[in-house]
Amino acid sequence: MSTVLFWHRRDLRFDDNAGLYKALKSASAVVPVFIFDRTILSNLPPTDQRVRFIHEALQRLQKNYQVFGSELHVYVGDPVAMIPKIAIELGASAVYTNRDYEPTAIQRDQEVKARLAELQIEFIGAKDQVIFEKNEVTKDDGLPYTVFTPYAKKWKATLNAFYLKPYPNQQYATNLSALNAPTVPSLEQLGFSSAALYDFPSAAWQVPVISAYHQTRDTPAILGTSRLSVHLRFGTISVRELAKVALQHNETFLNELIWREFYQMILYHFPHTVDAAFKPAYDRIVWENQEADFEAWCNGQTGYPMVDAGMRELNATGFMHNRVRMVVASFLTKHLLIDWRWGERYFAEKLLDFELASNIGGWQWAAGCGCDAAPYFRVFNPEAQQKKFDPNWTYIRKWVPEIGSANYPAPIVEHRFARERILSRFKEALS
Ligand code: FAD
């Protein structure tokens with residue numbers, strides 16, 4: 001009997017899981033494993049809802065495995081040490097996993113691979129979280145695209161049925177190991193609270209929402225977008241399945257899935273963008289970085305209703321509508337002249353769907369310093385954005401009920417002054 005491990009990370013599903021399929025085809029006893037990474041958990045507050053989301057997803061995954069007489073083996077620790085240790089204990093000849101393209105994940109995987117190699121155990125990756133990875137969509141000269149539109153065009157031209165084919169894992173489920181697993185630790189045992197601060201969006205997509213997406217996606221007051229971001233983030237849905245739905249029903253929606261892959265590709269090829277501007281000249285900008293302004297922004301107390309509504313939505317639900325993400329990010333960087341990295345970190349703490357590549361991409365786009373970013377002189381006017389995208393004040397009233405009363409603060413900065421200040425400050429840095 002040949003035993004291998006399958007290591008789940010951001011792919012918390014059984015169906016159409018590429019790496020799991022590879023593992024099942026290769027061995028007669030596949031042991032599915034998940035590790036709560038202590039190095040990540042130790043930096044999170046006990047109420048972090050992402051940990052609750054993962055914990056719930058693992059319980060569903062456990063049930064999937066139990067249907068086939070198998071069990072998910074859940075551990076807590078540092079995966080660099082744990083994976084080789086478990087592989088040895090269970091007599092595994094290989095460890096399979098799905099590739100992750102974030103710089104720290106790449107580094108971790110290199111360390112795991114090296115340690116396994118010393119033990120003569122193979123480490124085998126698969127592509128699962130994107131349709132095209134690394135160098136699969138490049139310019140004709142082989143260099144990575146840095147502009148979205150030609151990238152998307154080539155992405156679509158490269159796509160064919162092969163890339164969307166689901167992996168039929170059920171067919172090979174008899175190759176799952178029947179080994180008993182340790183009990184899954186409770187959230188409390190992990191040092192987290194099981195209290196729900198808010199509900200999680202459903203993983204079931206709504207075809208009517210996707211069909212009307214091009215007309216509804218910019219209206220934050222309605223459910224006009226899919227709310228699937230957290231499921232794409234943790235792999236609780238398959239991107240291949242979703243891309244098929246997009247192809248069938250709405251090209252604008254498909255383009256958004258391509259933006260997600262574009263940013264993952266950019267982060268993979270330009271890892272310096274984790275904490276530096278894609279365009280180096282923008283790192284010369286002298287930011288104001290006023291703590292009091294930052295606090296007002298975080299708490300939704302800037303006196304700009306669209307900005308405040310967005311920040312309060314984020315704080316209360318872990319979600320913010322994309323249109324509003326653009327408005328609040330532009331406001332922080334351009335009206336308040338606060339370093340985009342401060343905003344990026346705040347989003348990283350609060351967003352349920354936080355995903356490094358899209359977050360960095362979104363922030364650098366808004367600040368004007370990213371690849372294919374909004375030009376720096378495009379300063380969103382929050383009032384004009386409200387008139388266009390929340391004309392009846394429905395979204396704003398939901399999150400800022402005291403609007404119009406004496407309890408609502410006056411604007412912390414004047415729009416025209418802020419606009420002139422940013423234009424001259426950016427011009428100075430870039431000249
Ligand atoms: P839909 O509009 O239904 O889109 C479908 C899917 O396409 C999304 O779930 C997402 O996976 C992808 N997508 C949509 N828009 C974008 C985009 N602009 N860039 C990349 N992927 C996109 N998205 C994240 O998933 N994680 C983040 O941490 C994140 N941070 C952001 C920060 C800023 C400043 C900005 C402007 C955008 C950010 N986005 C991020 C992108 C976008 O706002 C969210 O993906 C979207 O709002 C999620 O809602 P939805 O699932 O209803 O998206």
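In helix α12, the residues F253, L254, L257, I258, R260, E261, F262, Y263, Q264, M265, I266 and L267 are buried. Buried means under 20% relative accessible area, exposed means over 50%, and partly exposed lies in between (1.4 Å probe, protein chains only). Helices (H or I, at least four residues) and strands (E, at least two) are DSSP runs, numbered from the N terminus.

This is a predicted model: local features need pLDDT of at least 70, side-chain atom pairs count only at pLDDT 80 or more, and totals for chains, interfaces and linings use all residues. Residues are numbered from 1 along each chain as its sequence is written, and side-chain values use heavy atoms, with hydrogens and water left out.

**Helix α12 and its start**

α12 has 19 residues. From its first C-alpha to its last it reaches 26 Å, close to the 27 Å expected at 1.5 Å a residue. That expected span is 1.5 Å times one less than the number of residues in the helix.

What caps the N-terminal end of α12? N250 does: one of its side-chain oxygens lies 2.9 Å from the backbone nitrogen of T252. A polar contact is a pair of N or O atoms within 3.5 Å; within protein, one must be able to donate a hydrogen and the other to accept it, and residues adjacent in sequence count only if both atoms are side-chain atoms.

T252 itself lies in α12. T252 is partly exposed, with a relative accessible area of 21%. Leaving aside neighbours within four places in sequence, T252 is in contact with Y213, H214 and R217. Contact means heavy atoms within 4.5 Å. T252 and F14 are 238 residues apart in sequence, and their C-alpha atoms are 29 Å apart in space.

**Helix α6**

α12 (251-269) is also part of what covers the buried residues of α6. Helix α6 spans residues 148-158, and its buried residues are F148, Y151, A152 and W155. They cover an arc of only 95° around the axis, so they sit on the same side of α6. The arc is that of the directions from the helix axis to the C-beta atoms. The face turned away from that buried side carries T149, K153 and A157, which are exposed.

**The ligand site**

The ligand is surrounded by 28 residues. The closest are Y213, T225, S226, R227 and N322. A residue counts as near a molecule or strand if one of its heavy atoms lies within 4 Å of it. Polar contacts from ligand oxygen atoms are listed here.

| Residue | Partner atom | Distance to a ligand oxygen |
|---|---|---|
| L228 | polar backbone atom | 3.0 Å |
| N322 | side-chain N or O atom | 2.7 Å |
| R325 | side-chain N or O atom | 3.4 Å |

Taken alone, the ligand exposes 820 Å², and the protein buries 95% of that. Accessible areas come from the Shrake-Rupley method with a 1.4 Å probe; for residues, only the protein chains shown count as cover.

**The loop between β1 and α1**

R9 lies in the loop between β1 (3-8) and α1 (18-26). Is R9 buried or exposed? R9 is buried, with a relative accessible area of 10%. A polar atom of its side chain lies 3.0 Å from the backbone oxygen of N98. Not counting residues up to four places away in sequence, R9 touches F34, T97, N98, R99, D100, R108 and D109.

D16 lies in the loop between β1 and α1 too. At 4% relative accessibility, D16 counts as buried. D16 is not a glycine, yet it has a positive phi of about 45°. Most residues other than glycine have a negative phi.

**The loop between α15 and α16**

L337 is placed in the loop between α15 and α16. L337 has a positive phi of about 50°, although it is not a glycine. With 0% relative accessibility, L337 counts as buried.

D339 lies in the loop between α15 (322-335) and α16 (340-350). At 10% relative accessibility, D339 counts as buried. Its contacts, leaving aside neighbours within four places in sequence, are W287, N289 and L332.

**Helix α18**

Q386 has its place in helix α18 (residues 382-389). Q386 counts as buried at 5% relative accessibility. Not counting residues up to four places away in sequence, Q386 touches M306, P391, W393 and I396. Q386 and V76 are 310 residues apart along the chain, and 46 Å separates their C-alpha atoms.
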